[in-house]
Amino acid sequence: FGAAMTGLGVGREDRIIVYDNSPLRTAARGWFMFRHFGAERVAILDGGFQKWRSEGRPVESGEAKSRKARFDARERSGEVVSKQAILDGTGLPILDARGKARFEGSEPDPRPNVGVGHIPGSKNLPFASLYRDDGTLRSNSELAQAFADLRIDPEGPFIASCGSGVTANSLIFAAHRLGGRHGKLYDGSWSEWGADPATPKEKGPA
């Protein structure tokens with residue numbers, strides 16, 4: 001990761017702003033990755049590139065200008081959770097960022113040979129519910145209510161999961177904005193869990 005960022009001209013000490021143009025809000029994954037490997041000053045452009053362009057702000061095309069920088073990656077421990085750790089029992093609540101139908105197992109997984117349902121004991125907080133129609137993150141009071149409805153303390157430790165380890169990061173970011181610093185990512189998420197015939201799976205509402 002450090003070599004890749006150095007090649008892009010991004011330094012670990014830089015002020016980094018991440019944005020996307022994706023309905024999956026992939027910038028949240030970028031935000032998590034930068035922080036996981038030691039960057040401190042990382043932000044997400046609220047509303048992404050779509051909102052930027054809709055407001056008539058300046059854009060560029062072509063290759064980015066070269067810039068010298070060094071990213072000395074330092075991985076933070078305890079932020080990524082493995083399948084085995086969940087099977088062994090972490091004692092932490094698990095939040096699933098997928099949509100309700102996929103969480104409950106009422107629609108098939110888009111990946112072949114992946115089961116349906118959710119990790120036993122997990123709760124469903126669809127990542128899309130954290131955003132307004134224009135792609136901006138909802139207010140702090142609305143985010144806090146979303147966690148409260150599930151009886152999850154956003155300032156306490158929890159594990160975020162999704163389909164492939166991307167949209168779960170929106171849950172971690174939302175908790176971070178509410179003062180939480182202990183959200184953990186199950187990076188393998190359902191694409192790993194659901195593909196393993198040995199893992200326990202539940203269907204229906206949490």
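**Exercise 1. Decide whether Glu 55 is buried, exposed or partly exposed, and find which residue it meets in a salt bridge.**

*Solution.* Start with the relative accessible area: Glu 55 has 38%, so it is partly exposed. The cut-offs are under 20% for buried and over 50% for exposed, with partly exposed in between (1.4 Å probe, protein chains only). Next, look for a partner: the side chains of Glu 55 and Lys 51 meet in a salt bridge, 2.4 Å from N to O. That term asks for a side-chain nitrogen of Lys or Arg within 4 Å of a carboxyl oxygen of Asp or Glu. Finally, check the partner: Lys 51 is partly exposed at 24%.

A word on the model you are looking at: it is predicted, local features need pLDDT of at least 70, and side-chain atom pairs count only at pLDDT 80 or more, while totals for chains, interfaces and linings use all residues. Residues are numbered from 1 along each chain as its sequence is written, and side-chain values use heavy atoms, leaving out hydrogens and water.

**Exercise 2. Describe the salt bridge of Lys 100 with Glu 104.**

*Solution.* First, the distance: the closest N and O atoms are 3.2 Å apart. Second, the place: both residues lie in helix H5 (residues 100–104), four residues apart, about one turn of the helix. Helices (H or I, at least four residues) and strands (E, at least two) are DSSP runs, numbered from the N terminus. Third, the surroundings: Lys 100 counts as exposed at 52% relative accessibility, whereas Glu 104 counts as buried at 19%. To round this off, the structure holds 14 salt bridges, and Glu 40, Arg 76 and Glu 79 are linked in a network of them.

**Exercise 3. Work out which residues of helix H6 are buried and what covers them.**

*Solution.* Go along H6 (residues 140–149) and pick out Leu 143, Ala 146 and Phe 147, which are buried. Now look down the axis: the buried residues fall within an arc of 95°, so they line one face of the helix. This arc is taken from the directions from the helix axis to the C-beta atoms. On the other side of H6 you will find Ser 141 and Asp 149, both exposed. The cover over the buried residues includes strand S4 (94–96), strand S6 (158–161) and helix H7 (168–177). Just past the end of H6, Arg 151 takes a positive phi of about 60°.

**Exercise 4. Trace how S6 pairs with S4 and with S7.**

*Solution.* Take S4 first: S4 and S6 pair in the parallel sense over three bridges, with Ile 94 opposite Ile 159. Strands pair if DSSP finds at least two bridges between them. Then turn to strand S7 (residues 183–186), which pairs with S6 in the parallel sense, also over three bridges. Here Ile 159 stands opposite Lys 184. The chain crosses from S6 through H7 to S7 in a right-handed β-α-β crossover; with the strands pointing away from the viewer, the path from the first strand over the helix to the second runs clockwise.

**Exercise 5. Find out where Phe 173 sits and what it contacts.**

*Solution.* Begin with its element: Phe 173 is found in helix H7. At 15% relative accessibility, Phe 173 counts as buried. Then list the contacts (heavy atoms within 4.5 Å): leaving aside neighbours within four places in sequence, Phe 173 touches Trp 31, Ile 44 and Leu 137. Lastly, compare positions: Phe 32 is 141 residues away along the chain, yet the two C-alpha atoms are separated by 7.9 Å.
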